[in-house]
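Visitor: I'd love a close look at one part of this protein: its inside. Could you show me what gathers there, and then follow the trail outward?

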Amino acid sequence: MPRLAVTLIPLLLAGLFFAACDGGGDEPDARVSIVDLELGQGPEAAENDTLRVAYEGRLQGTSEIFDSSDRHGGFIDFVLGVGQVIDGWERGLPGMRVGGTRVLTIPPELAYGRRGAGCSTDTTCIVPPNSTLIFQVRLLALNPADPQVP
């Protein structure tokens, strides 16, 4: 399972994958639940900002951790609003402040949809099809001087 988890980060950051999968953000009624655990300080994250985040992703219902930034060097960098991450992150992270921690509950249609993610040939998936995901995300920096290229 940990070996499969390493393959999930490219899925999280691959905008083309999400556009091709059945989970895209074209569901007008789909909503991300946002709960701020800590507000943070400084400017708010906005479209076209590079965000450096630490995160942990769990499957709703089982609370099983399917991915974590700890498995990828402690953080990831991505540009908000350009399709590098799942639609649930695109909708749930604007307005966060550096140092803030937010919990996002993301329905399947704004995550990996009917296909799931990290599926192997024997149909086992790191994220099963139609999964609601819960991410705890901490914003570490906005527009870091040395962004890491995924």
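Guide: Let's start with the largest nonpolar core, which has 29 residues; among them, Leu-51, Val-53, Phe-78, Trp-89, Leu-93, Ile-106 and Phe-135 touch the most other members. Strands β3 (50-59), β5, β7 and β8 each supply at least two residues of this core. The largest share, five residues, comes from β8. A nonpolar core here is a set of buried Ala, Val, Leu, Ile, Met, Phe, Trp, Tyr and Cys residues joined through side-chain atoms within 4.5 Å. Buried means under 20% relative accessible area, exposed means over 50%, and partly exposed is in between (1.4 Å probe, protein chains only). In soluble globular proteins, nonpolar side chains tend to be buried together.

Please keep in mind that this is a predicted model: local features need pLDDT of at least 70, side-chain atom pairs count only at pLDDT 80 or more, and totals for chains, interfaces and linings use all residues. Residues are numbered from 1 along each chain as its sequence is written, and side-chain values use heavy atoms, with hydrogens and water left out.

Now zoom in on Phe-135, one of the core residues just named. Setting aside neighbours within four places in sequence, Phe-135 is in contact (heavy atoms within 4.5 Å) with Tyr-55, Glu-56, Gly-57, Phe-66, Ile-86, Trp-89, Arg-102, Val-103, Leu-104 and Ile-106. Some of these names come back when we look at rings. The whole structure has five aromatic pairs. In the pair of Phe-66 and Phe-135, the ring centres are 5.6 Å apart and the planes stand at 85 degrees, so this pair is edge-to-face. Phe-66 belongs to strand β4 and Phe-135 to strand β8, so the pair ties together parts that lie 69 residues apart in sequence. For such pairs, rings of Phe, Tyr and Trp (its six-membered ring) must have centres within 6.5 Å; planes under 30 degrees apart count as stacked, over 60 as edge-to-face and the rest as tilted. Phe-66 and Phe-135 are both buried, and together with Tyr-55, Phe-78 and Trp-89 they form one aromatic cluster.

Trp-89 leads us on to Leu-80. Leu-80 sits in the loop between β5 and α4 (87-92), yet it counts as buried because its relative accessibility is 1%. Apart from residues up to four places away in sequence, Leu-80 touches Ala-45, Ala-46, Glu-47, Asn-48, Asp-49, Leu-51, Trp-89, Glu-90, Leu-93 and Pro-94. Leu-51, Trp-89 and Leu-93 are familiar from our list of core residues. Ala-46 is 34 residues from Leu-80 along the chain, and their C-alpha atoms are separated by 6.9 Å.

Polar residues can be found inside, too. Ser-68, in strand β4, counts as buried because its relative accessibility is 8%. A polar atom of the Ser-68 side chain lies 3.1 Å from the backbone nitrogen of Asp-70. Beyond four places in sequence, Ser-68 is in contact with Tyr-55 and Glu-56. Ser-131 lies in the loop between β7 (101-106) and β8 (133-142), and it is buried because its relative accessibility is 11%. A polar atom of the Ser-131 side chain is 2.6 Å from the backbone oxygen of Pro-128. Ser-131 also touches Leu-59, Ile-106, Pro-107 and Pro-108, again leaving out residues up to four places away in sequence.

For contrast, step outside to Gly-73, in the loop between β4 (65-68) and β5 (76-79). Gly-73 is exposed because its relative accessible area is 65%.

Finally, step back to the whole protein. Four helices and eight strands are present, and along the sequence they follow the pattern α-α-α-β-β-β-β-β-α-β-β-β. Here, helices (H or I, at least four residues) and strands (E, at least two) are DSSP runs, numbered from the N terminus. Of the 150 residues, 45% count as buried. Among contacts between residues at least 6 apart in sequence, 76% join residues at least 24 apart, and the Phe-66 and Phe-135 pair, 69 residues apart, shows how distant parts of the chain are tied together.

Definitions and conventions
A polar contact is a pair of N or O atoms within 3.5 Å; within protein, one must be able to donate a hydrogen and the other to accept it, and residues adjacent in sequence count only if both atoms are side-chain atoms.
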